[in-house]
Amino acid sequence: MKYFTLLLVPVFLFSCSGSKMLLKSLNKYQAPMDYLHDSKITNCDKSESLFLFDIDSSVLDSVTSVSKINHKVLPFLFFNYEELNLAVQLGQSSLKTNYPDFFKESFRVESQRTGCYSLADNPSGAEYSLEIKYDTCIIKSKYQQNSTILFLLLAYSVSTRELGFPAEANLALHVRFKKGDDLVFEKKYSIDRIQPFLNNQSVNVNNLRSDFVNNMAESLSLGTKDCIEQIINDINHVIKKK
């Protein structure tokens, strides 16, 4: 029994420090933000102008966080299996680009491609203005660490493995589109997106964790793409109808 207990000590220490160690490791990586602007370029009148107000700088949590979901230990006669599941939520600290700046630049590029308006540098003189407030901006995923300890006759063998899971983006934006001081429309846009994680396991843990952060950033990028395209489509509809 004493032999059996001693063998479990390193495994339990691994589980207790798992979330802190993973967070420290993930903080070493910063992911780029980008997506392919593949919308069909629209040739329409751009004589009227629109001013986009700045996005709140506190849209995302400032730092990425890791918390324990559950911890399973399955003891058997000849081997033990331990599984630690961790919840990861993306923060600004894991992104190379400031997210509000990324949103504004992406909106500018998409406006040039498909917007039936031109973007103004300041609100004075612009026919329209757009205010965007994020109600929710949560990018989360799951990360798993597991270990198997195999009991041999006079020795034991320990193997460990780590797995990354798909990223989930939950975005909710409240938009106010105005002409001068008059409210033209007010609408809430919601995006729920699951981004598959193709490299969900790797022999090289550093590569796995780097790809894991990149996948979460990609989920946010593509969720932002969906939001921007929907907003511009609605603006175009209003301007063309006028």
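The following questions and answers concern a predicted model and its strands, one helix and one asparagine. Local features need pLDDT of at least 70 and side-chain atom pairs count only at pLDDT 80 or more, while totals for chains, interfaces and linings use all residues. Residues are numbered from 1 along each chain as its sequence is written, and side-chain values use heavy atoms, with hydrogens and water left out.

Student: Is Asn146 buried or exposed?

Tutor: Asn146 belongs to strand 5, residues 128-151, where a strand is a DSSP run of E with at least two residues, numbered from the N terminus. Buried means under 20% relative accessible area and exposed over 50%, with partly exposed in between (1.4 Å probe, protein chains only). Because its relative accessibility is 5%, Asn146 counts as buried.

Student: Which side chain does Asn146 join in a polar contact of 2.9 Å?

Tutor: A polar contact is a pair of N or O atoms within 3.5 Å; within protein, one must be able to donate a hydrogen and the other to accept it, and residues adjacent in sequence count only if both atoms are side-chain atoms. At 2.9 Å, the partner of the Asn146 side chain is that of Gln144.

Student: Which residue of strand 5 stands opposite Phe51?

Tutor: In strand 1 (residues 49-52), Phe51 is buried on one side together with Ser49. Strands 1 and 5 run parallel and are joined by 3 bridges, where pairing requires that DSSP finds at least two bridges between two strands. Opposite Phe51 in strand 5 stands Ser129.

Definitions and conventions. Helices (H or I, at least four residues) and strands (E, at least two) are DSSP runs, numbered from the N terminus.
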